[in-house]
2 protein chains.
Amino acid sequence: RHYSVRMDQRTGLLFRQLFESQSSTYTYLLADAQTREAVLIDPVLETVERDARLVEDLGLNLTIAVNTHCHADHITGTGLLKKRLPGCHSAISKDSGATADIHLKEGDRVTFGKYSLEARATPGHTDGCMTFVLNDQSMAFTGDALLIRGCGRTDFQQGCASALYESVHKKIFTLPGECLVYPAHDYTGQSVSTVDEERRLNPRLTKSLEEFVKIMNNLNLPKPKQIDVAVPANLVCGIQNV
Amino acid sequence: RHYSVRMDQRTGLLFRQLFESQSSTYTYLLADAQTREAVLIDPVLETVERDARLVEDLGLNLTIAVNTHCHADHITGTGLLKKRLPGCHSAISKDSGATADIHLKEGDRVTFGKYSLEARATPGHTDGCMTFVLNDQSMAFTGDALLIRGCGRTDFQQGCASALYESVHKKIFTLPGECLVYPAHDYTGQSVSTVDEERRLNPRLTKSLEEFVKIMNNLNLPKPKQIDVAVPANLVCGIQNV
Ligand SMILES: [Fe+2]
Ligand SMILES: [Fe+2]
């Protein structure tokens, strides 16, 4: 087994979790270590240079920069990445309403070498939210649909608590219990969870639909600081013309 | 292979990287998923409750909380963890001069279930720094000896640039290239590197010993804000009597 784990690192999946501290956003780099094809999930404008440099340092070929949804708390790095790394294409769900090179719908696959991410529509936080599931179902990138012991808010951007509840229960909690859950944000320094853990321990999503909707409709959160700048920018996949 | 990766998660090593944002410190939780025995590396006082709760939520039995060295930038959580989770013992190198239940020396092993961490003396940042290497050499917890594209400073706490250079080259760079490098800190949102990457890309440690010493002796960094509080506290393994 130890031998196979080593081999996995050398010839298999290359994986990096990256953090942007202003918006507490996680960006994920995945690559096929053999073909060097890479995908970046949820890049942030402020950390494009760090991410581009890592792609270059590791000798990777970034073909797709994809967003889980049209973010309200930061400007996406996809537009700038396309300039910085020619050959990189932007992707987002069709339902997000945002401009991008590739529009994804339920069941589409984002392929990099022998790996792929399956796009699952998980609306509720926004109507265009997607969860990306690695082809072996060992990892799910849940965006703001499912956070570690939490979930994204549902009080703007076509948010809908009952839709979010259904998305998480039907599209994420049905994955294998050991599937690792990698969210778009964490505000407590936690980096990963599992489907099994969130099924058992998520304080909101273990409740009934009725209770969940009540909780979500009574959060009374302040408006995100960057929303008026971030959403219009992200609807054109970030800053395209800089 | 996919099957064995899944099995690894279910019955093998449980691993969590945790972050404390004030001091940009990484804490690491490792456990044997079968026996539920767990080890925590470099816990921080401010995040003890988060970490203790995670240990409990995952049904783990924390037997050892270990520090890579006597930190100058934060107070260790080991003392408080011992109160919070009875059965937990503190550990640190003998050469650190700090109080602890267990004093480690070169070659000692910190065992949790079928796994163990090998203690390697890697002085230079402090004279008591240790790197902990997982028994299959797939992961190394390098403390402040080796950071991602960097290293700890050598201008206080018996720091010595030439000793650090030798420690990294003889005790860390000799590990397999694919061995994951998990540092005690990162200030740029990066979470992990590999031995191979640092051998090739570390801007300081790819230099000659002579150049390295020159770089380290001319950093002119400000004194860490917390040093006068943190070091005395950490010499008694944090707050023992709260
Ligand atoms: Fe969001
Ligand atoms: Fe240190």
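Author: Let's start with a term. A helix crossing is left-handed if the near helix is turned anticlockwise from the far one by less than a right angle, and right-handed if clockwise. Keep in mind that this is a predicted model.

Reader: Okay, what is the handedness of the crossing of α4(B) and α6(B)?

Author: That crossing is right-handed. Going by the definition, the near helix is therefore turned clockwise from the far one.

Reader: And why are α4(B) and α6(B) called oblique to each other?

Author: Start with the value: the axes of α4 (residues 161-172) and α6 (residues 209-216) of chain B cross at roughly 130 degrees, and they come within 9 Å. Over 145 would count as roughly antiparallel, while 65 to 115 would be roughly perpendicular. Roughly 130 degrees fits neither range, so the pair counts as oblique.

Reader: What makes the contact between these two helices?

Author: On the α4(B) side you have B:Ala161, B:Ser162, B:Leu164 and B:Tyr165, and α6(B) brings B:Leu209, B:Phe212, B:Val213 and B:Met216. Sorted by type, that's seven nonpolar, one polar and no charged. Ser isn't on the nonpolar or the charged list, so B:Ser162 is the polar one.

Reader: Moving on, how do you know that B:Ile75 counts as buried?

Author: Its relative accessibility is 11%, and buried means under 20%, so B:Ile75 qualifies. You'll find B:Ile75 in the loop between β4 (61-66) and α3 (78-84) of chain B.

Reader: Which residues does B:Ile75 touch, leaving out those up to four places away in sequence?

Author: Among them are B:Pro43, B:Val44 and B:Leu45, plus B:Gln226, B:Val229 and B:Ile239. B:Ser23 is 52 residues from B:Ile75 in sequence, with 9.7 Å between their C-alphas.

Reader: What makes B:His69, B:His125 and B:Asp144 donors of the iron ion (ligand 2)?

Author: Distance. Their donor atoms, NE2 of each His and OD of B:Asp144, lie 2.1 to 2.3 Å from the ion. The cut-off here is 2.8 Å, so they count as donors. In sequence these residues are spaced H-x55-H-x18-D.

Reader: Why say that B:His69 and B:Asp144 tie parts of the chain together?

Author: B:His69 sits in the loop between β4 and α3, and B:Asp144 in the loop between β10 (139-143) and α4, so the pair links parts 75 residues apart in sequence. Both residues are buried.

Reader: Which residues coordinate the iron ion (ligand 1)?

Author: A:His69 (NE2), A:His125 (NE2) and A:Asp144 (OD), at 2.1 to 2.3 Å. A:His69 and A:Asp144 are both buried.

Definitions and conventions:
Residues numbered from 1 in each chain as written. Chains lettered and ligands numbered in written order. Predicted model: local features only at pLDDT ≥ 70, side-chain atom pairs only at ≥ 80, totals over all residues. Heavy atoms only, no water. Helix = DSSP H or I, 4+ residues; strand = E, 2+ residues; numbered from the N terminus. Buried < 20%, exposed > 50% of the residue type's maximum accessible area, 1.4 Å probe, protein only. Contact = heavy atoms within 4.5 Å. Axes fitted to C-alpha atoms, helices over the stretch in contact; angles between N-to-C directions. Parallel < 35°, antiparallel > 145°, perpendicular 65-115°, else oblique. Donors = N, O, S within 2.8 Å, 3.2 Å for Na, K, Ca; no water.
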